[in-house]
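This report looks at the aromatic rings of one protein model and at the charged side chains placed over some of them. Please keep the structure in view while reading.

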Amino acid sequence: MSPPPQSTRSAITSFSRKSQNNLQLKARNMEGLQGFSTLTYHDNWEDFTGKDCKKHWDVLLKRIRRKYPDIYGLWFFEFQNRGAPHFHFLTNHYIDSSWLRRNWNDIVDPENAIHMRYGADSQKLRKPHAAGAYAAKYTSKSEQKQVPENFQDVGRFWGIFGMAKTAKLHFAVGNKEFFNLIRMIRKGYRKHVQTYGRYKKHGKGLVGF
């Protein structure tokens, strides 16, 4: 008997809308985010693949964890208009920009003084409770979601690291209050769909259950 045919996954060519929505949902529900950082490549990036970039990120993340043992957050991967890959990440600590530049430059291109100056940046969130808005802003730029033609092995576009704290609801399953709550949620959902549809743009955000 011949072995069953193996399924093959098509190459990733863009940051899908579904993936962007999932990222924004995670950012909105992750508690305690205080810092927003950017990592980019100034020169000598044309021969890098997605695997190379993720290795750079993994090395940097290990250094960040040594400096901030309790750090957690989420990262996402994009491309600048000139085609250069870059990372954004949200964390529960503000990471000093000068420290971030030195370490990112040491990992990626230690002999490049321009990369040392412009390769990384970090800022404090002005509104920590609005981390989802930061993620939405940077993931809404459609021109930065397309994988350049010659860029190989892009891999994942976003992920979570550390022991992230997310808002949770706890129920005593099986009691009367739990089932009353389920009925109330279902009723609210039906009314919401009648008013807005399942997903609908509303102002600058996205409403939906």
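The text below describes the aromatic pairs, the cluster and the charges over rings in this predicted model.

The structure holds 12 aromatic pairs, and two of the pairs, both of which involve Trp57, are set out in the table.

| Pair | Centre to centre | Angle between planes | Class |
|---|---|---|---|
| Trp57 and Phe89 | 5.0 Å | 55 degrees | tilted |
| Trp57 and Phe161 | 5.8 Å | 70 degrees | edge-to-face |

The angle for Trp57 and Phe161 is 70 degrees, and because planes over 60 degrees apart count as edge-to-face, that pair is placed in this class. Where do the partners lie along the chain? Trp57 belongs to helix H2 (residues 50-67) and Phe89 to strand E3 (residues 85-91), so their pair ties together parts that are 32 residues apart in sequence. Phe161, in turn, is found in strand E5 (residues 158-161), so its pair with Trp57 in helix H2 links parts that are 104 residues apart in sequence.

Are these rings buried or exposed? Trp57 and Phe89 are both buried; the relative accessibility of Trp57 is 3%, while Phe161, at 4% relative accessibility, also counts as buried. Trp57, Phe89 and Phe161 are among the members of one aromatic cluster, which also includes Tyr41, Phe48, Trp75, Phe77 and Trp104.

Charged side chains are placed over rings as well: the charged end of Lys54 sits over the ring of Phe77, at 4.9 Å from its centre, and Lys124 lies over the face of Tyr94, with 5.5 Å to the ring centre.

Definitions and conventions: Residues are numbered from 1 along each chain as its sequence is written. This is a predicted model: local features need pLDDT of at least 70, side-chain atom pairs count only at pLDDT 80 or more; totals for chains, interfaces and linings use all residues. Side-chain values use heavy atoms; hydrogens and water are left out. Rings of Phe, Tyr and Trp (its six-membered ring) pair if their centres lie within 6.5 Å; planes under 30 degrees apart count as stacked, over 60 as edge-to-face and the rest as tilted. Helices (H or I, at least four residues) and strands (E, at least two) are DSSP runs, numbered from the N terminus. Buried means under 20% relative accessible area, exposed over 50%, partly exposed in between (1.4 Å probe, protein chains only). A charge sits over a ring if NZ of Lys or CZ of Arg is within 6 Å of the ring centre and within 35 degrees of the ring normal.
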